[in-house]
Amino acid sequence: MTTQGQQYFIRTYGCQMNEHDTERIASLLQADGMSEAASMDDADVVVLNTCCIRENADNKLYGQLGNLKQRKIDNPNLQIAVAGCLAQKDRDEIQARAGHVDVVFGTHNVHRAAELLELARTQGPITEILEATARDDALAFPSALPVRRESDHAAWVTIQIGCDNNCAFCIVPAVRGPEVSRPFDQLVGEVRDLAGEGISEVTLLGQNVNSYGRDLAINARRAGEDVRLRPMFAELLRTIGDINGIRRIRYTSPHPKDMGPDVAEAMAETAAVCEHLHMPLQSGSDRVLSLMHRGYNAERYLRVIEQARATIPDLAVTTDIIVGFPGETEADFEQTMRCVEEIGYASSFSFKYSIRPGTPGASMPRQVPEDVKSERLKRLQDLLYTQQMAFNKSLIGRTLDVLVENGGRDDGQLFGRSPYLQGTHFDGDESLVGQIVPVLITGAGRNSLTGELA
Ligand code: 5AD
Ligand code: SF4
């Protein structure tokens, strides 16, 4: 059976890493002759690209698979694939629980998506999970695949996969494996190609971008080369910032323990890097930070932010925070609140701790009751949302560079993103789509801005 003319639909859960993997899967299926379906109901191939960072992912997945079961009975040619972190983690369990799934593949063999679907057509159900991205398999790295991008102007670039930290709450090291950085020249070449295709904004992705290149240097040394072990992320920012056509650089996420002053200096001195630092705090209590194995205390975190603010004018700081990690007392939580008050975040993601089986946090004593977590999250979010609103309001009267992404809801309206990522609505001609234009901010809500062309 040929795939020509077939339609695929991919549902993505979770982070930007997954969204980027989805783009890669889409490009492979298109290369195989398929086109994107308007909805899951129209698709001949359904791919669920899963996430397992927080709870409920499993319930959502099996719920979704349950819904697809009848469709598979009605149409035996329908192919169902489960990809991503939950597939990596639960592997054989998925087909055992949902026998109508044709293909299960993990985070290290995204490049095999089309082949596995093809094989399953003749051979029946397949589960293929690799433990790590094979360094010597050039195809396994994101750059090896042409990417079908969600935007004509902005692209994601994976600089590093996996993570060598062992934060006690986090499942990522178990599913994405050890840290593997992509070679410097390969990355720079990829961004150059993107710029050549008209991309003006890149977002560099990694679990711990400050340690980018550490494994490259270690490997080069093992191979007998005389290289210095040194942080390479700042150099990467500067080099990409020099590429013609790249007007904006974003990145996520850095780690407070590894963030050196060189990165803030590179941000300040590289015009293309947005004045935005997303620095996960997780907790403001030294005791909890230590239980979490985060490798820094609140004072170190505050110093990192202070140094960045002193170096980068108009810097906006955003964060991730977890409440209710095992052992967190009311006094610990209040320290988180004080830290947040002291810093003043432009926006944030905040979560109730959720047990990830197999992580150290899961077997720690003094798990925090659900109602206590909910109550703390509410108090924290009240504070964070007030700060977010205040930050957005503080932009009124300023002129911000906005990358125009598309036309707005009505004719003559445009929608774009500020350097700080807020969606920004203003009037203007469609011909401005793809350009970076100055917009005078005249109004602010919690999640978006309005303005007029300056
Ligand atoms: N429970 C709650 N939040 C979590 N995160 C990661 N693991 C967990 C967990 N088990 C949050 C962290 C991280 C973000 C991506 O997700 O804040 O920075
Ligand atoms: Fe998870 Fe910590 Fe690695 Fe981030 S740095 S991916 S939170 S283990």
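Let us start at I396, which sits in the loop between helix 14 (370–394) and strand 15 (399–407). The model you are looking at is a predicted one. Because its relative accessibility is 38%, I396 counts as partly exposed. If you look across from I396 you will find L440: the two are 44 residues apart in sequence, yet their C-alpha atoms are 7.7 Å apart in space.

From here, move to the pocket of ligand 1. The residues that surround ligand 1 are I53, R54, F169, Q282, D320, I322, F351, K352, Y353, S354 and R356. Sorted by class, this shell has five nonpolar, two polar and four charged residues. Two strands stand out here, since strand 13 (316–323) and strand 14 (347–352) each give the shell at least two residues. Now look at the polar atoms. A polar backbone atom of F169 is 2.9 Å from a nitrogen atom of ligand 1. The side chain of Q282 has a polar atom 2.7 Å from an oxygen atom of ligand 1, and an N or O atom in the side chain of D320 is also 2.7 Å from an oxygen atom of ligand 1. On its own, ligand 1 has 410 Å² of accessible area, and the protein covers 87% of it.

Q282 deserves a second look. This residue is found in the loop between strand 12 and helix 11 (286–291). With a relative accessibility of 7%, Q282 falls under the 20% limit and therefore counts as buried. Its backbone has something to show as well: phi of Q282 is near 70°, a positive value in a residue that is not glycine. Most residues other than glycine have a negative phi. R366 is another non-glycine residue with a positive phi, of about 55°. You can find R366 in the loop between strand 14 and helix 14. Is R366 buried or exposed? Its relative accessibility is 56%, so R366 counts as exposed.

D320 also leads onward, this time to H278. Their side chains are joined by a polar contact of 3.0 Å, and a polar contact of 2.7 Å joins the side chain of H278 to that of T318. H278 itself lies in strand 12 (residues 276–278). At 10% relative accessibility, H278 counts as buried.

Next comes ligand 2. Around this ligand are C163, N165, C167, F169, C170, V172, P173, Q207, H255 and R294. F169 is one of these residues, and F169 is also one of those around ligand 1. By class, the shell of ligand 2 has six nonpolar, three polar and one charged residues.

Another loop to visit runs between strand 11 (248–252) and helix 10 (261–269), and S253 is placed in it. The peptide bond that joins T252 and S253 is cis, with omega about -5°. Most peptide bonds are trans. S253 has a relative accessible area of 16%, so it is buried. Along the chain, S253 and L205 are 48 residues apart, while their C-alpha atoms are separated by 7.1 Å.

Now follow the chain from strand 13 to helix 13. In the loop between them lies E328. E328 counts as buried because its relative accessibility is 5%. The side chain of E328 makes a polar contact of 2.9 Å with the side chain of R376.

Helix 13 (residues 330–343) has 14 residues, which at 1.5 Å a residue should span 20 Å, and its end C-alpha atoms are indeed 20 Å apart. Its buried residues are D332, F333, T336, M337, C339, V340 and I343. These cover an arc of only 160° around the axis, so they lie on the same side of helix 13. On the other side of the helix, E341 and E342 are exposed.

Helix 7 (residues 184–196) can be read in the same fashion. Its 13 residues reach 18 Å from first C-alpha to last, close to the 18 Å expected at 1.5 Å a residue. Buried here are F184, L187, V188, E190, V191, L194 and A195. Because they cover an arc of only 160° around the axis, these residues are on the same side of helix 7. Exposed on the other side are D185, R192, D193 and G196.

How values were computed. Residues numbered from 1 in each chain as written. Chains lettered and ligands numbered in written order. Predicted model: local features only at pLDDT ≥ 70, side-chain atom pairs only at ≥ 80, totals over all residues. Heavy atoms only, no water. Near = heavy atom within 4 Å. Polar contact = N/O pair within 3.5 Å; in protein donor to acceptor, adjacent residues only side chain to side chain. Areas by Shrake-Rupley, 256 points an atom, 1.4 Å probe, with all protein chains shown as cover. Helix = DSSP H or I, 4+ residues; strand = E, 2+ residues; numbered from the N terminus. Nonpolar A, V, L, I, M, F, W, Y, C, P; charged D, E, K, R; others polar. Expected span 1.5 Å × (residues − 1). Buried < 20%, exposed > 50% of the residue type's maximum accessible area, 1.4 Å probe, protein only. Arc of directions from axis to C-beta.
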